[in-house]
Amino acid sequence: MRRILIIHSDQGVQSSLREYLSNEYSFEVESIRHFEEIKSPKELSTFDGILCENKYTDKEGFNVTSGRNLINYSIDHSIKKPIIILGEVEVDYGNYVSLPSRFSLRDVSLQLIKSLGVTEEELRHLKMPDYIQVEISNFYQLSNPCCDIYIKMTKTGEDHYVKRIYADDVLDKDIVRRYEDNNLTHFYVQKEDFEKLMGQILSQSLSKVVKAFKQGSKVLETSSDTYEISQNLLNDMGITPQTVKLAKTSIVAMQKTIAGSKKLMPLLRGLLENETSYAFKRNYLISLFFYQIIPNLGWGRGDQLKQTMDKVCYICFFHDIVLRDEELLKIHDSEDLALADITANQKKLVLEHANMCTTLLQEISGIPSGIDVIVRQHHGALNGIGFPDVYTSNLSPLAICFIVIEKYVVEILKCLENREKLKLNSILLELDDFFHLSSYRKIVFELKSLINPN
Ligand SMILES: [Fe+2]
Ligand SMILES: [Fe+2]
């Protein structure tokens, strides 16, 4: 049996990984909180593979780069065991790889199988029982479990599994404690639900961990969880951690390109530094959806696709850059405009903002070409002025894509702001009703496929 060592300071992350890897892959898993707890190089080399968090905060509040320390230690002692760092760090060489900060169980297991050279043959031999036990403490933080939860009863020598908590039931620590007080140590879930449940527990724990690094770290490193959109929620919307990573990399690249512009840089900085603002949330979320669906739209491959991707970030963050008030940003059509209680100047600004943003962008050199056209068309008007009554198909395909995604995101944010239950399927049905042309509906279809994959 292969032995795996997990080094992670968060109990939740530690135990969800341990449960998953030991049940799903029959690995023998040990875990410790910190790298410093390793007693000797000899002890470390008894493991076939090591998972280690990239950094943690110690008692004095200092950030410790545990992942890097572990790699240095293993190089110094010639330990050639595969090491997977949980969280980004520049280590992708030899036996060392890193995963995104918001890794999934699947990321970890696929990487482990690869790094350890587990064969197909070995995987075939792993057979899980119908009900899988999960240590009860894993449920402390789980408010709405994604599947039914059972307890095991043994009657006349036979095991029976009785459903005690239903999927989406409200669960809290007190409820879990009551089971513990009755000497229950494990809950059980059905085999087919196991991975999903452990994924849910892991991603809740990770949200906490990533949040802990928010303070003092740069805006871009943690932006996805600072505005009430957890990876959990992003998962529900079909946005993968890889896409989040891609979007963040593009934002950094864009900032570098814009850096020389005295006009645009302050505007962009104002937007990016204020992650809790409506503008940031909306633009960032639009970019994520864009990156997630673009590869499926058949707009080319390789360089061609990359060029399109490069444009996306600019379009998302600059299309409304001259609108500073949330109230103005929430005006999307003539009806919204008529209802808004704003001054004549503000009204003029709203009507002309698409054209104004285009002019600003045209002054910048070095940005991908063609962005200005799409920004100008982002409300459906070819000249970038006003809100047309109907959407036409003579816009740029990227502009059409933008219009549909922005509408989707606006509806999602409305739900989140009102603290309503997010029903993505009903939002998408409304979009289906709203857009009549097939060029627009194609995008709705792609957004649907994200949440209902076949
Ligand atoms: Fe706009
Ligand atoms: Fe907009």
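1. Start with the first two strands of this predicted model. Strand β1, residues 3-7, lines up with strand β2, residues 28-32, in the parallel sense, and 5 bridges hold the pairing. If you want one pair to click on, take L5, whose bridge partner in β2 is E30. Helix α1, residues 11-25, joins in here: β1, α1 and β2 together make a right-handed β-α-β unit.

2. Keep α1 in view, and look at S15, which sits in that helix. Is S15 buried or exposed? S15 counts as buried, because 22 C-beta neighbours fall inside 10 Å and the cut-off for buried is 20 or more. Setting aside residues up to four places away in sequence, S15 touches E135, S137 and N138. For a sense of scale, try S15 against K152: the two are 137 residues apart along the chain, and their C-alpha atoms are separated by 21 Å.

3. Those contacts of S15 make more sense with the domain split in hand. The chain is divided into domain 1 (3-125), domain 2 (131-203) and domain 3 (214-451). Between domain 1 and domain 2, the C-alpha centres lie 26 Å apart. Contact between the two involves 11 residues of domain 1 and 12 residues of domain 2. Which element supplies the largest share of the domain 1 side? That would be α1, with 9 residues. By character, the domain 1 side that touches domain 2 splits into 4 nonpolar, 5 polar and 2 charged residues.

4. Now cross over to domain 2, which covers 131-203, and look at strand β8, residues 131-135. β8 has two faces: I132 and V134 are on the covered one, while Y131, Q133 and E135 are on the uncovered one. E135 is also one of the residues that S15 touches. β8 runs antiparallel to β11, and 5 bridges join them. On the β11 side, V189 is the bridge partner of I132.

5. The β9/β10 hairpin is worth a quick look too. β9 covers 149-155 and β10 covers 158-165. The two strands pair in the antiparallel sense over 7 bridges, with 2 residues between them in the hairpin. K152, the residue used above as a distance marker for S15, stands opposite Y161 in β10.

6. I checked the backbone angles for oddities, and two residues came up. As background, most residues other than glycine have a negative phi. T156, in the turn of the β9/β10 hairpin, has a positive phi of about 35°. T156 is exposed, because just 5 other C-beta atoms lie within 10 Å and 12 or fewer counts as exposed. N183 is the other: phi is about 65°, again positive, although N183 is not a glycine. You will find N183 in the loop between α6 (173-181) and β11 (186-190). N183 is exposed as well, with 6 other C-beta atoms within 10 Å.

7. On to the cores. The largest nonpolar core has 56 residues, and the members that touch the most others are F289, F290, I315, V404, I405 and Y408. Which helix gives the most to this core? Helix α18, residues 397-417, does, with 11 residues. F290 is a good place to zoom in: leaving aside neighbours within four places in sequence, F290 is in contact with V312, C316, C401 and I405. There is also a second, separate core of 45 residues, and I7, Y20, L105 and V108 are among its members.

8. Last one: H319, which lies in the loop between α13 (302-318) and α14 (326-329). Buried or exposed, then, for H319 in its loop? H319 counts as buried, because 26 C-beta neighbours are inside 10 Å. Past the four-place window in sequence, H319 is in contact with C357, V375 and H378. As a long-range marker, H319 and Q11 are 308 residues apart along the chain, and 43 Å separates their C-alpha atoms.

Notes
Residues are numbered from 1 along each chain as its sequence is written. Chains are lettered from A and ligands numbered from 1 in the order in which they are written. This is a predicted model: local features need pLDDT of at least 70, side-chain atom pairs count only at pLDDT 80 or more; totals for chains, interfaces and linings use all residues. Two strands pair if DSSP finds at least two bridges between them. Helices (H or I, at least four residues) and strands (E, at least two) are DSSP runs, numbered from the N terminus. A crossover is right-handed if, with the strands pointing away from the viewer, the path from the first strand over the helix to the second runs clockwise. A nonpolar core is a set of buried Ala, Val, Leu, Ile, Met, Phe, Trp, Tyr and Cys residues joined through C-beta atoms within 7 Å. Two residues are in contact if their C-beta atoms, placed from the backbone, lie within 7 Å. Domain bounds come from an automatic or database domain assignment. Ala, Val, Leu, Ile, Met, Phe, Trp, Tyr, Cys and Pro count as nonpolar, Asp, Glu, Lys and Arg as charged, and the others, Gly among them, as polar.
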